Amino acid sequence: MVHIQQLEKYAKDNNIPIMEHDGIEFLLDYIKNNNVKNILEIGSAIGYSAIRMCLVDESITVTTIERDEKRYNEAVKNIKDFNLEDRINIILDDAFNVELDDMYDLVFIDAAKSQYIKFFEKFKLNLKDDGVIVSDNLNFHGLTHTTEHIESRNVRGIVRKLNNYIDFLKNNEEFETTFYEIGDGVSISKRKL
C-alpha cells in the first residue's frame, strides 16, 4: 500500500506542484463539513489531491482532468495503488475539450494559472446550484501581493493573469467569493442567492 507521504515526496523530488499542506487540509475539512460528494477537479497532476479528497469519505467520487500524458499515467498508477479507480474518473485531455453532463457539488481549479477565468466560466455550468468553485494558488508564492519587479517575463504574465482572476472573482455578479490566506491562497466561490 502506497502512503500519502510517498506521493508528497515524489512530487517534491520531481518538482510537481501539489497543494500546500495547509491548503489541502483546509479543502479536506471543507469537503467533510459541507457534505461534498461529487467533485470535478481541473488539473490532476499525479492524482494527489483527487486521492486525498476521496479518502475523506467512501461515498465521495472525483472526476479529474489532466492534459499532460506523463502526469496522467503517474496519476492512473497512484489511483490504482490506493484502490480508488472505481471512485476517481481521470480524463486525459485539455480541459477545454472536455464536455461533461454531470453536475458537481464542488469544482476545484488547480491547473494552468493563466486560464483560471476560462475554467471558471466553462465549468460553472457543471456546478449544482448550491455548489462551490474552489481555486488554489491565488497568492502564487506571494507574488500576486507584491509590487516588486519580477525578473521572469513568464512569471510576470502568470501573476498578471492571476490578479485579473482575483479581480474577476471580486467583481463577479453571479458568485460571491471568500479569499483565504491559507496554503498558497485559496478562494471559495458560491452562487449569490
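A residue is called buried when its relative accessible area is under 20%, and exposed when that area is over 50%. I begin with this cut-off because Glu41 has a relative accessible area of 0% and is therefore buried. I should add at once that the model before you is predicted.

Let me stay with Glu41 for a moment. This glutamate lies in strand 1. Leaving aside residues up to four places away in sequence, Glu41 touches Ser49, Ala50, Met53 and Phe108, and also Val62, Thr63, Thr64 and Ile65. Four of those partners, Val62, Thr63, Thr64 and Ile65, fall in a stretch that belongs to strand 2, residues 61-66.

I turn now to the chain as a whole. The chain holds 6 helices and 7 strands. Followed along the sequence, these elements give the pattern α-α-β-α-β-α-β-β-α-β-α-β-β. How does the radius of gyration of the chain agree with that of a compact globule? A compact globule of 193 residues would have a radius of gyration near 16 Å, and the chain has 16 Å, so the two agree. Along the principal axes, the C-alpha atoms fill a box of roughly 45 × 40 × 30 Å.

Some further totals complete this overview. Of the 193 residues, 50% are buried. The accessible surface comes to about 10300 Å², and carbon and sulfur atoms contribute 45% of that surface. Among contacts with a separation of 6 or more, 66% join residues that are 24 or more positions apart.

Next, the sheet. In what order do the 7 strands of the open sheet lie? The order is 3-2-1-4-5-7-6, and the pairing is mixed. Strand 3 and strand 6, residues 175-180, are the edge strands, each pairing on one side only. On average, neighbouring strands of this sheet are turned by 15° against each other, with direction ignored.

Helix 5, residues 116-123, packs on this sheet. Its contacts reach strand 1, strand 2, strand 4, strand 5, strand 6 and strand 7. The direction of helix 5 makes about 165° with that of strand 4, which covers residues 104-109.

The two ends of the sheet illustrate the mixed pairing. At one edge, strand 3, residues 88-92, runs parallel to strand 2, and 5 bridges join them. Within this pair, Val62 stands opposite Ile88. Strand 2, helix 4, residues 69-81, and strand 3 together make a right-handed β-α-β unit. At the other edge, strand 6 pairs with strand 7, residues 186-191, in the antiparallel sense over 6 bridges. Here the bridge partner of Thr177 is Ser189 in strand 7.

I close with two asparagines in loops. Most residues other than glycine have a negative phi. Asn35, although not a glycine, has a positive phi of about 55°. Asn35 sits in the loop between helix 2, residues 21-33, and strand 1, residues 38-42. Is Asn35 buried or exposed? Its relative accessibility is 55%, so Asn35 counts as exposed.

The second case is Asn83, which also is not a glycine and has a positive phi of about 55°. Asn83 lies in the loop between helix 4 and strand 3, two elements of the right-handed β-α-β unit described earlier. With 57% relative accessibility, Asn83 counts as exposed.

How values were computed. Residues numbered from 1 in each chain as written. Predicted model: local features only at pLDDT ≥ 70, side-chain atom pairs only at ≥ 80, totals over all residues. Heavy atoms only, no water. Pairing = 2+ DSSP bridges. Helix = DSSP H or I, 4+ residues; strand = E, 2+ residues; numbered from the N terminus. Right-handed = clockwise from strand over helix to strand, strands pointing away. Rg over C-alpha atoms; globule rule 2.2 N^0.38 Å. Buried < 20%, exposed > 50% of the residue type's maximum accessible area, 1.4 Å probe, protein only. Contact = heavy atoms within 4.5 Å. Areas by Shrake-Rupley, 256 points an atom, 1.4 Å probe, with all protein chains shown as cover. Axes fitted to C-alpha atoms, helices over the stretch in contact; angles between N-to-C directions.
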